[in-house]
Amino acid sequence: AVVSTQSTGGEPKRITVTNRSTESSVKTRTKADPKLKNQVGAPMSASVLEVRVSPGSKVAAGDTLCLLSAMKMEMIVASPVAGTVTAVEVAGGESVSAQDLLFTLKIEGSS
């Protein structure tokens with residue numbers, strides 16, 4: 001914050017200006033647990049180009065969940081198992097870091 005004192009009509013007036021450009025716009029995300037097959041994490045730091053599923057979507061192993069972009073490459077994030085998408089943690093245009101949780105699935109046949 002920048003603080004300035006100015007005089008208006010002989011009386012000092014205090015002005016505080018907040019520089020919002022220094023505030024962090026980085027979103028802290030939960031990390032996917034690699035031991036859990038129902039959690040899908042980001043393979044590397046990237047930007048989300050497109051999310052192709054929503055909660056309730058049925059997916060087969062290998063189906064595309066989203067597209068990511070990193071270092072001028074596009075990559076597909078595919079479902080590791082057959083099941084139903086229970087949570088989508090990202091949206092197009094957002095940035096993710098390696099292992100950030102992107103999707104949670106209910107594995108087909110599990111209760």
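Reader: Leaving aside its neighbours within four places in sequence, which residues is Thr 84 in contact with?
Author: Thr 84 touches Gly 56, Ser 57, Lys 58, Thr 104, Leu 105 and Lys 106, where contact means heavy atoms within 4.5 Å. This is a predicted model, in which local features need pLDDT of at least 70 and side-chain atom pairs count only at pLDDT 80 or more, while totals for chains, interfaces and linings use all residues. Residues are numbered from 1 along each chain as its sequence is written, and side-chain values use heavy atoms, with hydrogens and water left out.

Reader: Why is Thr 84 called buried?
Author: Its relative accessible area is 19%, and the class of buried residues lies under 20%, with exposed over 50% and partly exposed in between (1.4 Å probe, protein chains only); Thr 84 therefore counts as buried. For the areas themselves, the Shrake-Rupley method is used with a 1.4 Å probe, and for residues only the protein chains shown count as cover.

Reader: What makes Thr 104, one of the contacts of Thr 84, a buried residue too?
Author: Thr 104 has 16% relative accessibility and therefore counts as buried. Thr 104 is found in strand β10, and, not counting residues up to four places away in sequence, Thr 104 touches Asn 38, Thr 84, Val 85, Thr 86 and Ala 87.

Reader: In which strand does Thr 84 lie, and how do you know that this strand pairs with β5?
Author: Thr 84 lies in strand β8; strands here are DSSP runs (E, at least two residues; helices are H or I, at least four), numbered from the N terminus. Two strands pair if DSSP finds at least two bridges between them, and 2 bridges join β5 to β8 (residues 83–88), which run antiparallel. Across this pairing, Lys 58 stands opposite Thr 84.

Reader: What makes β3 and β5 edge strands?
Author: Their open sheet of 4 strands has the order β3-β10-β8-β5, with antiparallel pairing. Strands β3 (39–41) and β5 (58–59) each have a single partner strand, so one side of each is left without a neighbour in the sheet.

Reader: What is the order of the open sheet that contains β7, and which strands are its edges?
Author: That open sheet of 4 strands runs β7-β6-β4-β9, also with antiparallel pairing. Its edge strands are β7 (73–78) and β9, each of which pairs on one side only. Between β6 (residues 64–70) and β7 there are 6 antiparallel bridges, and Leu 68 has Met 75 in β7 as its bridge partner. Over the whole chain, the secondary structure comes to 0 helices and 10 strands.

Reader: Why is the pair of Asp 100 and Arg 29 called a salt bridge?
Author: The term asks for a side-chain nitrogen of Lys or Arg within 4 Å of a carboxyl oxygen of Asp or Glu, and the closest N and O atoms of this pair are 3.9 Å apart. The pair links distant parts of the chain, with Asp 100 in the loop between β9 (95–96) and β10 (101–107) and Arg 29 in the loop between β2 (11–17) and β3, 71 residues apart. Both partners are buried.

Reader: How do you know that Lys 31 also forms a salt bridge with Asp 100, and why is Lys 31 called partly exposed?
Author: The N to O distance between their side chains is 2.7 Å, and the two residues are 69 apart, Lys 31 being in the loop between β2 and β3. Lys 31 has 46% relative accessibility and so counts as partly exposed, whereas Asp 100, at 4%, counts as buried.

Reader: Which residues does the network of salt bridges join, and where does the pair of Arg 52 and Glu 50 stand in terms of distance and exposure?
Author: Arg 52 and Glu 50 meet at 3.4 Å, N to O; Arg 52, at 47%, and Glu 50, at 34%, are both partly exposed. Salt bridges that share partners join Arg 29, Lys 31, Glu 94 and Asp 100 into one network, and the structure holds 4 salt bridges.

Reader: What makes a set of residues a nonpolar core, and which members touch the most others in the largest one?
Author: Such a core is a set of buried Ala, Val, Leu, Ile, Met, Phe, Trp, Tyr and Cys residues joined through side-chain atoms within 4.5 Å. In the largest, of 19 residues, Leu 68, Val 96, Leu 102 and Phe 103 touch the most other members. Strands β4 (46–51), β6, β7 and β10 each supply at least two residues of this core, and β6 gives the most, with 4 residues. Beyond four places in sequence, the contacts of Phe 103 include Val 40, Val 51, Leu 65 and Val 88.
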